[in-house]
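Thanks for making time this morning. I would like to walk you through one structure, starting from a single residue and working outward.

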Amino acid sequence: MTLKALAAALTLTLFTGVAHAAPPIIEEAKAACVVGERIDGYLGIIDESAASDTLRREVRDINQKRKDAYQQLASANGVPVAAAAKVTAEKLINGAPSGHCVQDASGQWVKKP
């Protein structure tokens, strides 16, 4: 499968809820730049001091769901899991709203303009 086809398949996965079905605590944390989208396709905690145990648990749960989805997609399409995650990361980072924090290509956290 080409990366373009993989991207199309991942878009379907994203819109069926794997990556976007975030509870309010995650959405609020993203808006406050406590949590952001990492370049590897997973959520990252940016501000450890502002992250409650509940928020950490939600981030772990979402990341586990993403990992499972990436593994299934990668297996079904004969690509590495990291490739499936990377394509998703690009879509999530590009689609993040203004004011949210995401990792740039070097892995640094930046606020989207």
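His100 has a relative accessibility of 12%, and because the cut-off for buried is under 20%, it counts as a buried residue. Please keep in mind throughout that what we are looking at is a predicted model. His100 sits in the loop that runs between helix H4, residues 81-95, and strand S3. If we set aside the neighbours within four places in sequence, the residues in contact with His100 are Lys30, Ala31 and Cys33, together with Val110, Lys111 and Lys112.

One of those contacts, Cys33, leads us to the next topic. How many disulfides does the structure hold? There is 1 disulfide, and it is formed by Cys33 and Cys101, whose sulfur atoms lie 2.1 Å apart. As a reminder, a disulfide is a covalent bond between the sulfur atoms of two cysteines. For those of you who care about the dihedral, the value about the S-S bond is 95°, and the link of Cys33 and Cys101 is right-handed. The pair links distant parts of the chain, given that Cys33 lies in the loop between helix H2 (24-31) and strand S1 (35-37), while Cys101 belongs to strand S3, residues 101-103, and the two are 68 residues apart.

Are the two cysteines buried or exposed? Cys33, with a relative accessibility of 12%, falls under the 20% cut-off and therefore counts as buried, and Cys101, at 10%, is buried as well. Cys33 also has a backbone feature that you may want to look at on the screen, namely a phi near 60°, which is a positive value in a residue other than glycine.

Turning to Cys101, and not counting residues up to four places away in sequence, we find that Cys101 touches Lys30, Cys33, Val35, Gly36, Glu37, Ile46, Trp109, Val110 and Lys111. Arg38 is a further point of reference, for Cys101 and Arg38 are 63 residues apart in sequence, yet their C-alpha atoms are 9.2 Å apart in space.

Let me now move to the helix packing. Which angle do H2 and H3 make where they pack? Helix H2 and helix H3, the latter spanning residues 53-77, pack at an angle of about 100°, with 10 Å between their axes. Because angles of 65 to 115 degrees count as roughly perpendicular, that is the description that applies to H2 relative to H3. On the H2 side the contact is made by Ile25, Ile26 and Ala29, and on the H3 side by Thr54, Leu55, Glu58, Val59 and Ile62. Sorted by class, the contact of H2 with H3 comprises 6 nonpolar residues, 1 polar and 1 charged.

Finally, let me step back to the chain as a whole. The chain has 4 helices and 4 strands, and reading along the sequence we meet them in the pattern α-α-β-β-α-α-β-β. Of the 113 residues in the chain, 38% are buried. Among contacts with a separation of 6 or more, 55% come from residues 24 or more positions apart. As for the surface, the chain exposes about 6200 Å², and carbon and sulfur atoms supply 56% of that area.

How values were computed
Residues are numbered from 1 along each chain as its sequence is written. This is a predicted model: local features need pLDDT of at least 70, side-chain atom pairs count only at pLDDT 80 or more; totals for chains, interfaces and linings use all residues. Side-chain values use heavy atoms; hydrogens and water are left out. Buried means under 20% relative accessible area, exposed over 50%, partly exposed in between (1.4 Å probe, protein chains only). Contact means heavy atoms within 4.5 Å. Accessible areas come from the Shrake-Rupley method with a 1.4 Å probe; for residues, only the protein chains shown count as cover. A disulfide is a pair of cysteine sulfur atoms within 2.5 Å. Axes are lines fitted to C-alpha atoms, for helices over the stretch in contact, and angles run from 0 to 180 degrees between N-to-C directions. Angles under 35 degrees count as roughly parallel, over 145 as roughly antiparallel, 65 to 115 as roughly perpendicular and the rest as oblique. Ala, Val, Leu, Ile, Met, Phe, Trp, Tyr, Cys and Pro count as nonpolar, Asp, Glu, Lys and Arg as charged, and the others, Gly among them, as polar.
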